[in-house]
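The following exercises concern strands, cores and surface in a single protein model. Each task is followed by a worked solution.

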Amino acid sequence: HGHPDRLNLVFMHGRARWLDDLGTGSYVDPSLHWYRSTLAHNAPLVDGNSQARSDGRLAGLHSDDSLDAVVARAEIAPGVVASRAVVTAGTYFVDEVRWTASRPVRFELPVHFDAPATGLSLAGARLAGAGGLEDGFDFIGDVTSARVSAPTPVRLAATRDGHAATAAIWASEDVEWYVASAPIQPATEHRPFHLLRARGASGVIRAVWRWGEHGTEEFADGEVAVTTPRGVDRHVIGDRSWVFHGADGRTVDVPIGDARSPDAAPASGGAARHATPGTETPHTAAAPERGPPEWHEIRRQPQPSQWFPDARERTGPGWATFALGERHYRRTEEPWRDAGEPRAWVSVGADPDGVVIHVMVETPEPVFVPAGATNPYDNEHADVNGHGIQLYYATPSGSGAWMAVPDTHTGAVRVRPVPGWGSAPIPRAEWRRVAGGFEVGVRIPADARTDHFALDVIVNDASPGRVRRRGQLVMSGAEGEFAYLRGDRHDPARLLSFAIV
C-alpha cells in the first residue's frame with residue numbers, strides 16, 4: 001500500500017504474531033492516517049517524521065541449515081541512512097538497527113511488542129512527533145517514559161496462545177524509553193507498544209529475540225553473546241561483515257556490503273532534494289541556503305498582464321519555465337502514454353508583490369470538483385480527485401502549501417491551505433479557459449527582501465467518468481512513481497530552489 005515502512009520487521013511463531021504489520025484500516029476513517037505512519041510499523045523514523053519515500057537496498061544475505069541472515073538499508077530521511085540486520089540461529093535471532101546521519105538527529109524505533117519492560121521506573125510523559133497528519137503521534141495515548149543509560153539492556157517477556165517470546169534490547173546511546181497505547185485491528189482496540197528514542201549523528205540498537213527458550217545475553221560495542229542450551233553463540237559485528245561463532249565450533253562470516261557506510265545512501269529518485277525540513281516541523285520546509293548549482297534564476301519585474309498571450313509559449317526574460325510530460329507523471333493506473341499523454345506548462349516569476357506562477361493544463365475537458373463535495377471512497381479531501389493545482393512553497397521566514405481548484409460557477413479559484421505546511425499568506429488566484437485546456441495564475445505574497453525560495457507545483461490529472469484522479473504531473477519530476485495514497489501530501493525535500501536576481 002505504499003506505506004513508509006522501510007526496514008520494517010515482522011516476527012511470528014505459530015499462531016502468535018509478536019511483531020506484526022497492521023495493514024490498512026477503513027479508507028473513510030481518520031485512523032487510516034495511523035496505519036499509514038511509520039510509527040505504526042516496527043520501522044525506524046527520524047525527528048518524529050514518517051519516513052521519506054525511497055528505495056531500500058539488500059546489502060547482505062546468507063542461509064544454511066542452522067543460520068539465516070539478511071541485511072538491508074534505506075535512506076529514511078534526507079541525509080540519514082539506516083540499516084537493519086537480522087541473523088537467526090536456532091530458537092533466537094539477533095536484530096540490529098544502525099543509523100548514520102549528516103547531522104545530529106532524533107532517531108526513533110517503535111517496537112510493537114505487547115510486553116512489560118523489566119526494571120523500568122515509568123512515569124507519565126508526553127510523546128510528540130513532528131506534527132504531520134501521517135506521522136502517527138496524534139493517535140497514541142497512555143504515555144509513560146523512563147530514561148535508560150547506555151549500555152544497559154532492557155528485557156521484555158510475554159506469553160500468548162501457548163507461546164512465549166522474550167527480547168533483550170541494548171542501545172549504544174542513552175535512550176528515552178516510551179510505552180504508549182495505539183490502535184491495532186480494528187482501530188477501536190488499542191494495545192501497548194514501546195518506542196526507543198535516541199539522539200546523535202550515529203548509533204546502534206541491538207536486540208536478541210527468543211521463542212520458547214531461556215538464556216542470557218551479553219552486549220558489547222561490536223559483539224553479542226547469546227547463551228543457549230547448546231552453549232554460547234558469539235556474534236562479532238563489524239562494518240562490513242557479521243561473524244558468527246557457534247557453540248558447536250562452527251564459524252560463519254556473512255558479508256554485509258556497505259550497509260554501514262555513511263555515504264552509501266540510495267540515490268533519491270525524482271527531484272533534486274535541496275529544501276530540507278526542520279527537525280521538529282517536517283512539513284514546514286525551510287528554503288535552502290543560496291549556493292550552486294541547481295538554482296532556477298528568475299527576475300523581479302512588473303507584470304504588464306495577468307496572462308501570457310499564448311498559454312503554451314511560456315518563455316520570457318526573467319521567467320523559469322517547465323514543460324511537464326512523461327518524466328513528471330505519477331500514475332494511478334495507466335502509464336503516461338496510455339493515459340492520453342497529459343501535459344502541463346509551468347512558469348515561475350516574480351513581481352514587486354510576490355512570486356508569480358502560471359500553470360497551463362492541456363485537457364480536452366476539465367473536471368473540477370465543486371465546493372462542498374464529499375469523498376465517499378477514502379479519507380482524502382474531495383478536491384484531489386479532479387483537475388487542480390497543488391502548490392508547495394518555502395522561504396527563510398515561513399512556508400505554506402495550498403490546493404487551487406477553479407470554480408466554473410463563480411469564475412473564481414478556490415484556494416485551500418494544506419494542513420501542516422505553515423502559515424504563509426494565502427495566494428491570490430485566477431483562472432481562464434484557453435484552447436485545449438485551462439490556465440491558472442497564482443500570486444503568492446512575499447517580502448520584497450526575499451531573494452530565494454523553494455517551490456514545487458503538482459497538477460492533478462482527471463478525466464470525465466472517473467471518480468478519482470487519473471494521475472499527477474509533478475514539476476520536480478516523478479518518473480516511475482505512483483500517486484496511490486498521496487492525497488495532498490508532499491515531501492518538503494522535493495521542492496526546487498529558486499533565486500530572484
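**Exercise 1.** Which residue in strand 17 does valine 226 stand opposite?

*Solution.* The model is a predicted one. Begin with the two strands: strand 16 (residues 223–228) and strand 17 (residues 231–237) pair in the antiparallel sense over 6 bridges. Within strand 17, the residue opposite valine 226 is aspartate 233. Next, place the pair in its sheet, an open one of 5 strands in the order 15-16-17-18-19 with antiparallel pairing. Strand 15 (217–220) and strand 19 (251–255) are the edge strands, each pairing on one side only. On average, and with direction ignored, neighbouring strands of this sheet are turned by 15° against each other.

**Exercise 2.** Determine whether strand 30 is enclosed or not, and identify its bridge partners.

*Solution.* Buried residues are those under 20% relative accessible area. By this criterion 10 of the 10 residues of strand 30 (residues 452–461) are buried, so the strand is largely enclosed by the rest of the structure. Now separate the two faces. In a regular strand, side chains alternate between the two faces of the sheet. On one side of strand 30 are His452, Ala454, Asp456, Ile458 and Asn460, and on the other Phe453, Leu455, Val457, Val459 and Asp461; all are buried.

The pairings of strand 30 can then be listed:

- Strand 25 (residues 388–395) is joined to strand 30 by 7 bridges and runs antiparallel to it; isoleucine 389 has valine 459 as its bridge partner.
- Strand 32 (residues 496–500) is also antiparallel to strand 30, with 4 bridges; here phenylalanine 453 is partnered by phenylalanine 498.
- Strand 31 (residues 471–474) runs antiparallel to strand 30 over 4 bridges; asparagine 460 is matched with glutamine 472.

**Exercise 3.** How many residues has the largest nonpolar core, and which of them have the most contacts inside it?

*Solution.* The largest nonpolar core has 43 residues, and those with the most contacts inside it are Phe113, Leu156, Trp177 and Trp209. Strand 7 (residues 92–111) supplies the largest share of this core, 8 residues. Another core, of 39 residues, lies apart from it and has Tyr329, Ala344, Ala350 and Met403 among its members.

**Exercise 4.** Why does leucine 58 count as exposed?

*Solution.* The cut-off for an exposed residue is over 50% relative accessible area. Leucine 58 counts as exposed because its relative accessibility is 53%. Its position is in strand 4 (residues 56–63). Finally, consider its surroundings: Leu58, Leu61 and Val70 form a nonpolar surface patch with about 290 Å² of accessible area together.

Notes
Residues numbered from 1 in each chain as written. Predicted model: local features only at pLDDT ≥ 70, side-chain atom pairs only at ≥ 80, totals over all residues. Heavy atoms only, no water. Patch = residues over 30% accessible without salt bridge, like charges linked within 9 Å, V, L, I, M, F, W, Y side chains within 5 Å. Areas by Shrake-Rupley, 256 points an atom, 1.4 Å probe, with all protein chains shown as cover. Salt bridge = Lys/Arg side-chain N within 4 Å of Asp/Glu carboxyl O. Buried < 20%, exposed > 50% of the residue type's maximum accessible area, 1.4 Å probe, protein only. Pairing = 2+ DSSP bridges. Axes fitted to C-alpha atoms, helices over the stretch in contact; angles between N-to-C directions. Core = buried A, V, L, I, M, F, W, Y, C linked by side-chain atoms within 4.5 Å.
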